[in-house]
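Trainee: Could you take me through how to read metal sites and side-chain contacts in a model like the one we are about to open?

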Amino acid sequence: RADLAMYQAKSAGRDTLRFYDPQMQAAVSERAALELDMRAGLAQGQFELYYQPQVDNGRITGAEALLRWRHPRDGFVSPAQFIPLAEESGLILPIGEWALQAACERLALWAQRPALAGLTLAVNVSPRQFHQSCFVPQVLAALARAGAEGSRLKLEMTEGLLLADVEDTIAKMSTLRSYGVGFSLDDFGTGYSSLAYLKRLPLTQLKIDQSFVRDVLTDPNDAAIARTVVALANSLGLDVIAEGVETEEQRAFLARNHCHSWQGYLLSKPIPAADFEQLVRDYNQG
Ligand code: C2E
Ligand code: MG
Ligand code: MG
Ligand code: MG
């Protein structure tokens, strides 16, 4: 590292080498400060769910819930910044539990509004959260406390999560599936899951990662991957949805290739609940 400051201290006739890296030191204390802020932020209600609409065959049929943290000094902190740190520190457990509960409460509210009653809500689940022994009861308790239907809830998991403890993963998923809960494999194609393994999991949906959608019109490899994921989903009897759809051309390409579900900036960024609910009413009417 170019910024590595090294100094030699001579003492007692011997050379000792010491390494001192001010940037690394700063990074460590910044992380520690962020962790403290996160803990306080959770207690003080600074976390919020935003909702990104998911379109299926021209109608909004659900949303993905995405965490937002409104830091009192720094403003919105990106999940890309705080989720990995929350994973490492274990704070993802209370944060994830909070998100799950908030999502179930939102689903219960929707159930009472005719225009919103059919919507599904997808919640991202971190590996650490999923692998807790109490994960299944935690989900069931969140549904029960809120009075929400399991069949409206989808859990988004990444391939990495599926690598550890296959039998336990399948057992947990199967139990939740028996309550109607769906499972979407997020960022699909960026991980390492084997096809044989994929077949064993009680998934309900594959999600084409946005990195393949981005250049789907110009990069033949990405186009091939997108088509392959659709074909794979079809042959496994799973739904398929594309994320990160930003242009009408990308949407049309996906539709031509039999992927009719999508989410992305083309329709909307993740937005607060009230804005999402208004959007559903406007978009789906008629
Ligand atoms: P993800 O689950 O793959 O979510 C998709 C990300 O792509 C979101 O970023 C979303 O805002 C963004 N996105 C949506 N449409 C578009 C588009 O058209 N173009 C582009 N360029 N981006 C788009 P976000 O909200 O910053 O979240 C980042 C990641 O943080 C998520 O990736 C997910 O892995 C994680 N995350 C967010 N909320 C939660 C949560 O409640 N729990 C856990 N464990 N992870 C979460
Ligand atoms: Mg997701
Ligand atoms: Mg994703
Ligand atoms: Mg992604």
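Mentor: Let us begin with a term: a polar contact is a pair of N or O atoms within 3.5 Å, and within protein one of them must be able to donate a hydrogen and the other to accept it. Please keep in mind that this is a predicted model.

Trainee: Which backbone oxygen lies 3.4 Å from a polar atom of the side chain of N124?

Mentor: That is the backbone oxygen of A65, and the side chain of N124 also makes a polar contact with the side chain of E64, at 2.8 Å.

Trainee: Where is the place of N124, and is N124 buried or exposed?

Mentor: Buried means under 20% relative accessible area and exposed over 50%; N124, which sits in strand β6 (residues 120-124), has 30% relative accessibility and therefore counts as partly exposed. Leaving aside neighbours within four places in sequence, N124 is in contact with E64, A65, L66, Q129, E156 and D186.

Trainee: D186 is in that list of contacts; which magnesium ions does D186 coordinate?

Mentor: For a metal, one looks for donors, here N, O and S atoms within 2.8 Å. D186 coordinates both the magnesium ion (ligand 3) and the magnesium ion (ligand 2), which are 3.7 Å apart. The magnesium ion (ligand 3) is coordinated at 2.0 to 2.5 Å by D186 (OD), D187 (OD) and, listed twice, E243 (OE), and its donor residues follow the spacing D-D-x55-E in sequence.

Trainee: Why does the pair D187 and E243 tie together parts that are 56 residues apart in sequence?

Mentor: D187 lies in strand β8 (residues 182-188), whereas E243 lies in the loop between β10 (239-242) and α10 (248-256), so the pair joins those separated parts. D187 is partly exposed, with a relative accessible area of 25%, while E243 is buried, at 7%.

Trainee: What are the protein donors of the magnesium ion (ligand 4)?

Mentor: They are D187 (OD) and E243 (OE), lying 2.3 to 2.5 Å from the ion. The magnesium ion (ligand 4) and the magnesium ion (ligand 3) are 2.8 Å apart, with D187 coordinating both.

Key
Residues are numbered from 1 along each chain as its sequence is written. Chains are lettered from A and ligands numbered from 1 in the order in which they are written. This is a predicted model: local features need pLDDT of at least 70, side-chain atom pairs count only at pLDDT 80 or more; totals for chains, interfaces and linings use all residues. Side-chain values use heavy atoms; hydrogens and water are left out. Donors are N, O and S atoms within 2.8 Å of the metal (3.2 Å for Na, K and Ca); water is not among the atoms, so sites may look incomplete. Helices (H or I, at least four residues) and strands (E, at least two) are DSSP runs, numbered from the N terminus. Buried means under 20% relative accessible area, exposed over 50%, partly exposed in between (1.4 Å probe, protein chains only). Contact means heavy atoms within 4.5 Å.
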